[in-house]
Amino acid sequence: MLRFDLHTHSKYSFDSSEEVGEMLKTAARRGIQGICVSDHNSLRGSEEALELQEDHGIIIIRGMEVSSSEGHVLAYGVREEVPRDLDALETVERIADLGGLAVAAHPHRFWSGLGEEVTRTAGFHAIETLNARSVAIHNAKAEALAEELGAPATAGSDAHRLGDLGKAIVLLPEGLESEEDVLEALRKGRGRTAGVSRDRKRTARYVVRSVGNWIRRGFRRI
Ligand SMILES: [Zn+2]
Ligand SMILES: [Zn+2]
């Protein structure tokens, strides 16, 4: 099987300082065949990854993590940035118009997740059922929801540091060679997920820090 980490953040996200080239090098060293640098509201990380793709022999899935007004949405395979702050339904439609795959990111996460109702009704192509920065119970709920809806599952580490790359991955059949192949396989629900959830101690710290950042940003959502 081929291993893909479909949710990672580079220095083009306000909350990561990692260089794209270092991320690709680390991923390749860890036996990952494909990666999406999915920065917050920016395609710059993905574009840089695409330029460096050949140096690292790794498949790049273009993408970004869009802050919809209702929670985070992963947009895969888009060549144009999707605007933030649209509602979830409009965000999904915009991604579909751009030929991309719209995925509900960590739907049950406190604060930045879409929540169950929106995830059910906004027409997502797939649901992120394993995110290494979500606690196990939230990942389990996302998995149950995807199963119930018959929606394809995706996974990613949501790494903001090199050390976390590859902690959650999608396994796809051998023989895929391009972004198009990968997106097609994901659409068909051929992915299986593998990896770990966040442990509880780190979650407590994360919540406290998120609220602190939010206050400092003047109560603006990420
Ligand atoms: Zn997110
Ligand atoms: Zn993220």
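## Exercises on a predicted model

Asp 85 sits in the loop that runs between β6 (71–76) and α3 (88–97). The model you are looking at is predicted, so let's explore it step by step.

**Exercise 1.** Work out whether Asp 85 is buried, partly exposed or exposed.

*Solution.*
- Step 1: Take the relative accessible area of Asp 85, which is 44%.
- Step 2: Recall the cut-offs: buried is under 20% and exposed is over 50%, with partly exposed in between.
- Step 3: Because 44% falls in between, Asp 85 is partly exposed.

**Exercise 2.** Find what is notable about the phi angles of Asp 85 and Asn 41.

*Solution.*
- Step 1: Start with the background: most residues other than glycine have a negative phi.
- Step 2: Asp 85 is not a glycine, yet its phi is positive, about 70 degrees.
- Step 3: Asn 41 also has a positive phi, near 55 degrees.
- Step 4: Now locate Asn 41: it lies in the loop between β3 (39–40) and α2 (44–56).

**Exercise 3.** Name the residues of the negative surface patch that includes Glu 90, and place Glu 90 in the fold.

*Solution.*
- Step 1: The patch consists of Glu 70, Glu 90, Glu 93 and Asp 97.
- Step 2: Glu 90 belongs to helix α3.
- Step 3: Patch residues need over 30% relative accessible area; Glu 90 has 39%, so it passes and counts as partly exposed.

**Exercise 4.** Describe the chain as a whole.

*Solution.*
- Step 1: Count the elements: seven helices and eleven strands.
- Step 2: Of the 222 residues, 51% are buried.
- Step 3: The chain exposes about 10,000 Å², with 49% of that supplied by carbon and sulfur atoms.
- Step 4: Among contacts between residues at least 6 apart in sequence, 67% join residues at least 24 apart.

How values were computed. Residues numbered from 1 in each chain as written. Chains lettered and ligands numbered in written order. Predicted model: local features only at pLDDT ≥ 70, side-chain atom pairs only at ≥ 80, totals over all residues. Heavy atoms only, no water. Helix = DSSP H or I, 4+ residues; strand = E, 2+ residues; numbered from the N terminus. Buried < 20%, exposed > 50% of the residue type's maximum accessible area, 1.4 Å probe, protein only. Contact = heavy atoms within 4.5 Å. Areas by Shrake-Rupley, 256 points an atom, 1.4 Å probe, with all protein chains shown as cover. Patch = residues over 30% accessible without salt bridge, like charges linked within 9 Å, V, L, I, M, F, W, Y side chains within 5 Å. Salt bridge = Lys/Arg side-chain N within 4 Å of Asp/Glu carboxyl O. Lys, Arg positive; Asp, Glu negative; His and termini not counted. Charge placed at Lys NZ, Arg CZ, Asp CG, Glu CD.
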